Amino acid sequence: MSRVDDLLTLAEATPGFMPRDEGLALHEHALDYGAHVSGGTWLEIGAWCAKSALYLGAAAEASASVLYSLDHHRGSEENQPGWEYFDPTLVDPFDGRLNTLPCWQRTIARAALESTVIGLVGPSQVVAAHFAQPLDVLFIDGGHAAPVAWADYEMWTPKIVAGGLLMIHDVFPDPADGGRPPYEIYCAALDSGRFAPRAACGSLRVLERLA
Ligand code: MG
């Protein structure tokens, strides 16, 4: 198998919340962008155990780009005990809190992507306020609570360069299918006139930053 095939297979086997077709679409769009712009700076919000970081990281490596993978690694609301997406194996016995960082690190090490996928550990809003580098690719896949999703949109999307990609996960136009904030920020991006829709796959939306 090729290096990319290896990484995509590993991505599929990594715990997380991204169906295979959406992960492959994420990879393909990033790969296509990287074919035109090498050495780029990419960032994903919401890392969990590095599943999407592998789909994106495989494309980043192919274009000599760097992917920052940002997460506080304490899980979102729906990952906490008693909620739908709680995984007791990810609780740190030291303090009883959810901690996905060890899983994330093991995944990146196993993928041998440690020089391509760089972890940023902390609250998205704090990192955004101090992150000055323009972004070629931004993938928003963080918390779904309205204040969190809107802060991710408002603080990170202005950093995207003209022609750059904005990808958003968990966009569900029908409220019966899931929470609304990712859909609302997707609509806001379109309404802003700064982004044009490029593609969709499942709940993944791909937009391009206009000049
Ligand atoms: Mg997601």
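Student: Which residue lies over the face of Tyr-186?

Tutor: Good place to start, and keep in mind that this is a predicted model. A charge counts as sitting over a ring if NZ of Lys or CZ of Arg is within 6 Å of the ring centre and within 35 degrees of the ring normal. Over Tyr-186, at 5.8 Å from the ring centre, lies Arg-205.

Student: And which residue lies over the face of Trp-156?

Tutor: Here the distance from the ring centre is 5.6 Å. The residue over Trp-156 is Lys-159.

Student: How many aromatic pairs are there, and what kind of pair do Tyr-68 and Phe-131 form?

Tutor: The structure has four aromatic pairs. For Tyr-68 and Phe-131, the ring centres are 5.5 Å apart and the planes make an angle of 85 degrees. Planes over 60 degrees apart count as edge-to-face, so the pair formed by Tyr-68 and Phe-131 is edge-to-face.

Student: How many residues apart are Tyr-68 and Phe-131 along the chain?

Tutor: Tyr-68 belongs to strand 2 (residues 66-71). Phe-131 sits in the loop between helix 5 (124-129) and strand 4 (135-140). Their pair links distant parts of the chain, and the separation is 63 residues.

Student: Is Phe-131 buried or exposed?

Tutor: Let's set it beside its partner: Tyr-68 has a relative accessible area of 23% and is partly exposed. Phe-131 has a value of 12%. Since buried means under 20%, Phe-131 is buried.

Student: Which residue forms one aromatic cluster with Tyr-68 and Phe-131?

Tutor: We have already met this residue, with Lys-159 over its face. The cluster's third name is Trp-156.

Student: Which protein donors does the magnesium ion have?

Tutor: The donors lie 2.0 to 2.3 Å from the ion, and along the chain they follow the spacing D-x27-H-D. Two of them are buried: His-169 at 3% relative accessible area and Asp-170 at 11%. With the donor atoms in brackets, the set is Asp-141 (OD), His-169 (ND1) and Asp-170 (OD).

Student: What is the phi of Ala-50?

Tutor: Most residues other than glycine have a negative phi. Ala-50, in the loop between strand 1 (41-45) and helix 3, has a positive value instead. Its phi is near 80 degrees.

Student: Ala-112 has a positive phi as well; is Ala-112 buried or exposed?

Tutor: Phi of Ala-112 is near 55 degrees, and its place is the loop between helix 4 (101-110) and strand 3 (117-121). Ala-50 is buried, at 0% relative accessibility. Ala-112 has a relative accessible area of 52%, and because over 50% counts as exposed, Ala-112 is exposed.

Student: Which residues is Ser-63 in contact with, leaving aside its neighbours within four places in sequence?

Tutor: Ser-63 lies in the loop between helix 3 (51-62) and strand 2. With a relative accessible area of 5%, Ser-63 is buried. Its contacts are Gly-34, Val-37, Ser-38, Gly-39 and Trp-42.

Student: Stepping back, what is the radius of gyration of the protein?

Tutor: The protein has seven helices and seven strands, in the order α-α-β-α-β-α-β-α-β-α-β-α-β-β. For 211 residues the globule rule gives 17 Å, and the protein's value is close to that, so it is as compact as a globular protein of that length. Its radius of gyration is 16 Å.

How values were computed:
Residues are numbered from 1 along each chain as its sequence is written. This is a predicted model: local features need pLDDT of at least 70, side-chain atom pairs count only at pLDDT 80 or more; totals for chains, interfaces and linings use all residues. Side-chain values use heavy atoms; hydrogens and water are left out. Rings of Phe, Tyr and Trp (its six-membered ring) pair if their centres lie within 6.5 Å; planes under 30 degrees apart count as stacked, over 60 as edge-to-face and the rest as tilted. Helices (H or I, at least four residues) and strands (E, at least two) are DSSP runs, numbered from the N terminus. Buried means under 20% relative accessible area, exposed over 50%, partly exposed in between (1.4 Å probe, protein chains only). The radius of gyration is taken over C-alpha atoms; the globule rule is 2.2 Å times the number of residues to the power 0.38. Contact means heavy atoms within 4.5 Å. Donors are N, O and S atoms within 2.8 Å of the metal (3.2 Å for Na, K and Ca); water is not among the atoms, so sites may look incomplete.
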